[in-house]
Amino acid sequence: MTRTTTGAPHHTALVTGATSGIGEAFARALPARTDLLLTGRDAAKLDRLEAELPAAGRRVETVAADLATDAGLDAVSARAEAFGVDLLIANAGVGPFGDFLQASEESLRQTVAVNVMAPVVLTRRLLPGMLDRAKAARRRAGLIVVSSNAGFVPVPRLAAYAASKAFDLSLTEALAAELAGEPVDVLALCPTATRTRFAARSGFGGGNLPGAEDPADVARAALGALGRMRTLVRGPLSGLLLSGPAFARAALAQTLALALPRR
C-alpha cells in the first residue's frame, strides 16, 4: 500500500503503556514536533518522561490510569479528546505465563481488559474525533495497535495472551479494510520477542529470549511503516514466515469489506 500522507508528522499522539518497553520507545521515537499524551500505571515514570521529553513548542502531558478499569478508560479517553489526538498508539499489554488452569482468574480478566477491551474502547471513542479533525485539516490520522507474533498462532502457557493478541490483529486488519477510504492510516504491529519487562512481569523469568529486539528499533520501524502497509511483522525468522500470511489476511479483509453490505 502506498503512503498517501504529505510526510508531515502527526500533531498529537496518545501512547498507552508508555512507561517502559515499546510504549516508551514510541514516546522517544516520535518527532519533537509531535505533542505527546502518555499513559500508564506508574505515575513516577510518567513524571520522568514528562520532564525528559519536552522540546521547544512541544506539549507533553501524562495521565496515570489503569486501563483495566472503566475509570481509567474514561480518564484517558477524555484527556485524549481534549488533547486533540490524531495518532493513537494502543500499546499497553499484559499476560500471565504458565498453564491456563494455574493462572488466577484476576490475571486472566486483566489480560482481556487491557489487551482486548482497552484498544476496542479507546479506538471506538477516539477515532470519530480523529477523523473529523483530519478531514477539517486535510491531513491524515493514524492508528497503531500493538499485537504480536503470538497473534498468528496458539501459544501454550501464553494461551490468554496469544488469544488477546489474535483479537488485536484481527480487529486492526478489519478496521484497516473498513476505513480504507477515510483519512486514517491503520497498522497492526506484530513484534517478535523484544527486550522489555514483559517476560519478568508475566512470570516467564527475569531475562529476555536470545535474539530479542531493541524496542527502539521496533518503534521506529512501526512509525516508518504507518501508511505504507497494514501489518508489520518483526523478527528475522518470524518476519519471513508470517509476512506472507499477513499480506494474505489483509487482502482477504479488503475483499470482504468490498463484498459485504454496509449498514
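This passage describes the sheet of a predicted model, a helix that lies across part of the sheet, and one proline in a loop.

A good place to begin is the sheet. Strands of a sheet pair through backbone hydrogen bonds, either parallel or antiparallel. Here, 7 strands come together in an open sheet, and their pairing is parallel. Read across the sheet, the strand order is 3-2-1-4-5-6-7. The edges are formed by strand 3 (60-64) and strand 7 (231-233), each of which pairs on one side only. From one strand to the next, the twist averages 15°.

One pair of neighbours can be followed in detail. Strand 5, made of residues 141-146, pairs with strand 6, made of residues 184-190, in the parallel sense, and 6 bridges link the two. Within this pairing, Val146 stands opposite Leu189 of strand 6. Helix 5, covering residues 159-178, lies across strand 5, strand 6 and strand 7. The angle between helix 5 and strand 6 is about 155°.

Attention now turns to a single residue, Pro31. The loop that holds Pro31 runs between helix 1 (21-29) and strand 2 (35-40). Pro31 counts as partly exposed because its relative accessibility is 32%, a value that falls between the limits of 20% for buried and 50% for exposed. Leaving aside residues up to four places away in sequence, Pro31 touches Pro9 and Arg58. Ala71, by contrast, is 40 residues from Pro31 along the chain, and the C-alpha atoms of these two residues are separated by 30 Å.

Definitions and conventions
Residues numbered from 1 in each chain as written. Predicted model: local features only at pLDDT ≥ 70, side-chain atom pairs only at ≥ 80, totals over all residues. Heavy atoms only, no water. Helix = DSSP H or I, 4+ residues; strand = E, 2+ residues; numbered from the N terminus. Buried < 20%, exposed > 50% of the residue type's maximum accessible area, 1.4 Å probe, protein only. Contact = heavy atoms within 4.5 Å. Pairing = 2+ DSSP bridges. Axes fitted to C-alpha atoms, helices over the stretch in contact; angles between N-to-C directions.
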